[in-house]
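Me: I would like a close look at a single part of this protein. Please take one helix, the turns on either side of it and its packing partners, then set that part in its wider context.

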Amino acid sequence: MQGKVEICGVNTSKLKVLKSEETTALLRRAKAGDQAAREELIAGNLRLVLSVIQKFTNRGENVDDLFQVGCIGLIKAIDNFNTDLDVRFSTYGVPMIIGEIRRYLRDNSAMRVSRSMRDTAYKVLQTKEKFLSEHHRDPSIEEIARELDLKREDVVFALDAISDPVSLYEPVYSDGGDTLCVMDQVHDSKNTDESWLEQIALKEAISRLTPRERHILSLRFFEGKTQMEVSAEVGISQAQVSRLEKSAINQIKKNL
């Protein structure tokens, strides 16, 4: 955000900053229907929007668009804030602004989620925001599920489906030298380069067997049948099955 002076035609270097007492007084006036106080509140909290959208500037989104969406979240926070509670406006406003931006990013994401899953996720988010405004803490998954009469896993799946995708090249740490990215921390001990090569070699070795040998190995090791069951299905003796099985295995070992 450094060096960015104008966003949506707003000179960010000249934005007004309200004191806590001023914000409280304006909120009370706005709740009473004073539109001038509401406008002053919006103008006096634009720096709050700027501080929030800095967290989203590395996603390739237009900063002006993020600022406008953040302002919508700010307006919602002003209109829904409860002045009777002993809570700082920024404590309530920041999650509202973040939520609005995340909704915008989800709706404009290249990754598509089913309508029913998205609707469930929105209900979860609305319940979460309502719970936060009433209890001043984030609800647990169990509390959200109980409120919406959903299974716990349905809540988890819905939130996971609309979570923002993370680039493998997104930096997670830098000490002034080499930057550590997400891909540097991703590790799969099962699907390694070595295992891929082994699978390719095994597939090639099996392809060199005769159709009968492949069929017998499939029945024995993929379907879990005994040699007696295989002999009955293939139409040969158990001794022949045993001999063909050993021959096929030895041939695979040789090819590997």
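Reply: What follows is a walk around helix α7, then a look at other contacts in the chain.

**The setting.** This is a predicted model. The protein has 13 helices and four strands. Of its 256 residues, 30% are buried. Consider the contacts with a separation of 6 or more: 55% of them join residues 24 or more positions apart.

**Helix α7 itself.** α7 runs over residues 141–148. Which of its residues are buried? E143, I144 and A145 are. The buried residues of α7 pack against two helices, α6 (115–135) and α8 (152–161).

**The way in.** The loop between α6 and α7 holds H136. H136 is not a glycine, yet its phi is positive, about 60°. Its relative accessibility is 42%, so H136 counts as partly exposed. R137 forms a salt bridge with E143, 2.9 Å from N to O. The two ends of that bridge can be described separately. R137 is partly exposed, because its relative accessible area is 39%. E143 is one of the buried residues of α7.

**The way out.** D149 follows α7. It sits in the loop between α7 and α8. What is the sign of phi at D149? It is positive, near 60°, in a residue other than glycine. D149 has a relative accessible area of 70%, so it is exposed. The cut-off for that class is over 50%. H136, by contrast, counts as partly exposed at 42%.

**Packing on α8.** Two packed helices are described by the angle between their axes and the distance between the axes. For α7 and α8 the angle is about 105° and the axes are 8 Å apart. The two helices are therefore roughly perpendicular to each other. The class covers angles from 65 to 115 degrees. From α7, the contact uses I141, E142, I144 and A145. From α8, it uses R152, V155, V156 and L159. By class, that is six nonpolar, no polar and two charged residues. I144 and A145 appear in this contact, and both are buried.

**A second helix pair.** Now compare α2 with α4. α2 covers residues 35–44 and α4 covers residues 63–80. Their axes come within 10 Å and cross at roughly 135°. That makes α2 oblique to α4. The crossing of α2 past α4 is right-handed. Which residues meet here? R38, L41 and I42 in α2 meet L74, I75, I78 and D79 in α4. The class count for this contact is five nonpolar, no polar and two charged residues.

**One residue beside that pair.** L41 of α2 also leads to T23. T23 belongs to helix α1, residues 20–31. At 9% relative accessibility, T23 counts as buried. Leaving aside neighbours within four places in sequence, T23 is in contact with L18, L41 and F89.

**Salt bridges elsewhere.** The structure holds 11 salt bridges. Besides the R137 and E143 pair, take K76 and E100. Their closest N and O atoms are 3.0 Å apart. E100 lies in helix α5 (residues 89–107) and K76 in helix α4, so the bridge ties together parts that are 24 residues apart in sequence. How buried or exposed is each end? E100 counts as buried, because its relative accessibility is 11%. K76 has a relative accessible area of 34%, so it is partly exposed. This pair belongs to a wider set: K76, E100, R103 and E129 are linked in a network of salt bridges.

One more bridge is worth listing. E204 and R208 meet at 3.1 Å, N to O. E204 is partly exposed, because its relative accessibility is 42%. R208 is exposed, with a relative accessible area of 52%.

**Back to α7.** To sum up the part you asked for: E143, I144 and A145 are buried in α7. The buried residues pack against α6 and α8. A residue with positive phi lies in the loop between α6 and α7, namely H136. Another, D149, lies in the loop between α7 and α8. E143 bridges to R137, and α8 packs on α7 at about 105°.

Key:
Residues are numbered from 1 along each chain as its sequence is written. This is a predicted model: local features need pLDDT of at least 70, side-chain atom pairs count only at pLDDT 80 or more; totals for chains, interfaces and linings use all residues. Side-chain values use heavy atoms; hydrogens and water are left out. Axes are lines fitted to C-alpha atoms, for helices over the stretch in contact, and angles run from 0 to 180 degrees between N-to-C directions. Angles under 35 degrees count as roughly parallel, over 145 as roughly antiparallel, 65 to 115 as roughly perpendicular and the rest as oblique. A crossing is left-handed if the near helix is turned anticlockwise from the far one by less than a right angle, and right-handed if clockwise. Contact means heavy atoms within 4.5 Å. Ala, Val, Leu, Ile, Met, Phe, Trp, Tyr, Cys and Pro count as nonpolar, Asp, Glu, Lys and Arg as charged, and the others, Gly among them, as polar. Buried means under 20% relative accessible area, exposed over 50%, partly exposed in between (1.4 Å probe, protein chains only). A salt bridge is a side-chain nitrogen of Lys or Arg within 4 Å of a carboxyl oxygen of Asp or Glu.
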